[in-house]
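Reader: I'd love a close look at one small part of this protein, with its surroundings filled in step by step. Could you pick a group of side chains and walk me through it?

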Amino acid sequence: MKQLGRRDFLKIAGTSGAVALGAGAVGANALNGVAPKLDSTGTTGHGVSQSQLTWQEMDAHHQEKVDIFLANIGKDPAFWVTKLEPEMDGDVKVFNITCKEVEWEVEPGIKSVAMTYNGIVPGPEIRVTEGDRIRLVVTNEMTQSTAIHFHGLKIENAQDGVPMITQPVIQPGQTYTYEFTTRNPGTHMYHSHHNSAEQVTRGLLGALIIEPKDTSREPVVNAEYNLVLNDSGLGQFTFNGRSFPYTQPIIAKKGDKIRVRYFNEGLMIHPMHLHGLPQLVFSKDGFSLPMPYMCDTLNIAPGERYDVLIDCEEPGVWAFHCHILSHAEGPDGMFGMVTVLIVQDEEAAS
């Protein structure tokens, strides 16, 4: 599929002028490379007020953010998934994980010292099949102790990853091994359970997906996407470790069915709103719902995971964002938890 340029974007959007994606208040000075600070309410405490900007300045700032987003499409191929491939030790799938602190940019010029699995935020996706025997060899190269908890898994207690209760901490310079057989399929997470309010929000988190042995009840989709929601630790609200305008769009063709897996690894609730296209919610926390339901805004609390299906029936550029508006847009433009779903018609997709 070809990369969309500004002309393609505007054509799909059905407008020849400035694109208004519509979302929700911004970290002031983001365009100047100043990292916003989140206050106790979860909003950017030094946001620009409307009285500080003329309407012309406000419009120009919004346009600049959208232009940056357009120019960045396709330039972050790891945004949607970086999968960790196992090594095999007989029948055991072995995953090597290194915890280390790296400089991470949620967007250029906004840098934080992140705590990472294998140097990236989120950590790499671990995807296995129900019944697999897996081993995680975890080496801690950080400046503080840590541990890994396997969030949502049915697992023997000794492998649950809670320091002082089921295991010792993994101190700096140490290596620790977890090993277990996967039991319950679904959308799960792995993350720190030591000083976790800091470590998880600063990046020690990742998707852990267990596919079922019996796939007959799995939905047939054209593509699927992980969307990891996070806040606080990296100084911004983020999707998959990035903040708008440095998020990436979902690009689909008219008639596609896509699956989105949501993971809330932050400290706040994030109601995820998709414009124009309903979401069919069919799984929560790895469990199939007996009564799937439709919505356009899905409220996702910390620790929750949801799976949704989206039928891409209506061409256009559809805003996709957290609907706590102070997590997404303000006078200085959109920021944080914003992306778009682009549904291409046949002409645009060719």
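Author: Happy to. Let's take the aromatic cluster in which ring pairs link Phe 150, Tyr 176, Tyr 178 and Phe 180. Please keep in mind that this is a predicted model.

Searching the whole structure gives nine aromatic pairs. One of them is formed by Phe 150 and Tyr 178, and its geometry is edge-to-face, with 5.2 Å from centre to centre and 85° between the planes. This pair bridges distant parts of the chain, as Phe 150 belongs to strand β6 and Tyr 178 to strand β7, 28 residues apart. Are these two rings buried or exposed? Phe 150 counts as buried because its relative accessibility is 1%. Tyr 178 is buried too, with a relative accessible area of 0%.

Next comes Phe 180, another member of the cluster. Phe 180 sits in strand β7, which covers residues 175-181. With a relative accessibility of 0%, Phe 180 counts as buried. What does Phe 180 touch, once residues up to four places away in sequence are set aside? Its contacts are Asp 132, Arg 133, Ile 134, Leu 136, Phe 150, Leu 153, Ile 155, Glu 156 and Gln 159. Ile 134 is a nice one to find on your screen: Phe 180 and Ile 134 are 46 residues apart in sequence, yet their C-alpha atoms are 5.7 Å apart in space.

Gln 159, also on that contact list, deserves a stop of its own. Gln 159 lies in the loop between β6 and β7. Its relative accessible area is 14%, and since buried means under 20%, Gln 159 is classed as buried. Beyond its neighbours within four places in sequence, Gln 159 is in contact with Phe 150, Thr 177, Tyr 178, Glu 179 and Phe 180. That list includes Phe 150, Tyr 178 and Phe 180, which are also members of the ring cluster.

Now let's follow Phe 150 into its sheet. β6 pairs with strand β8 (residues 186-192) in the antiparallel sense, over four bridges. Within β8, Tyr 190 is the bridge partner of Phe 150. β6 and β8 belong to an open sheet of four strands, ordered β4-β9-β8-β6, with mixed pairing. Which strands stand at the edges? They are β4 (123-129) and β6 (148-151); each has a single partner strand, so one side of each is left without a neighbour in the sheet. On average, neighbouring strands of this sheet are turned by 20° against each other, direction ignored.

To place this in a wider setting, let's turn to the nonpolar cores. In soluble globular proteins, nonpolar side chains tend to be buried together. The largest nonpolar core here has 30 residues, and those with the most contacts inside it are Leu 227, Ile 258, Tyr 262, Met 272, Ile 310 and Leu 341. Two or more residues of this core come from each of β10 (223-230), β12, β13 (257-264), β14, β17, β18, β19 and β22 (338-344). Apart from its neighbours within four places in sequence, Leu 227 is in contact with several residues, among them Trp 80, Phe 239, Val 260, Tyr 262, Met 272 and Phe 320. There is also a second, separate core of 24 residues, which includes Phe 95, Leu 136, Ala 147 and Tyr 190. Two of those names have come up already: Leu 136 is touched by Phe 180, and Tyr 190 is the bridge partner of Phe 150.

Several strands that contribute to the largest core come together in another open sheet, with five strands in the order β12-β22-β19-β14-β17 and mixed pairing. Here β12 (250-253) and β17 (297-300) are at the edges with a single partner strand each, so one side of each has no neighbour in the sheet. Neighbouring strands of this sheet are turned by 15° against each other on average, direction ignored. Inside this sheet, strand β14 (residues 270-274) and strand β19 (residues 316-322) run antiparallel and are joined by three bridges. His 273 has His 321 in β19 as its bridge partner.

To return to where we began, the rings of Phe 150, Tyr 176, Tyr 178 and Phe 180 form the cluster, and Gln 159 touches Phe 150, Tyr 178 and Phe 180 from the loop between β6 and β7.

How values were computed
Residues are numbered from 1 along each chain as its sequence is written. This is a predicted model: local features need pLDDT of at least 70, side-chain atom pairs count only at pLDDT 80 or more; totals for chains, interfaces and linings use all residues. Side-chain values use heavy atoms; hydrogens and water are left out. Two strands pair if DSSP finds at least two bridges between them. Axes are lines fitted to C-alpha atoms, for helices over the stretch in contact, and angles run from 0 to 180 degrees between N-to-C directions. Buried means under 20% relative accessible area, exposed over 50%, partly exposed in between (1.4 Å probe, protein chains only). Contact means heavy atoms within 4.5 Å. Rings of Phe, Tyr and Trp (its six-membered ring) pair if their centres lie within 6.5 Å; planes under 30 degrees apart count as stacked, over 60 as edge-to-face and the rest as tilted. A nonpolar core is a set of buried Ala, Val, Leu, Ile, Met, Phe, Trp, Tyr and Cys residues joined through side-chain atoms within 4.5 Å.
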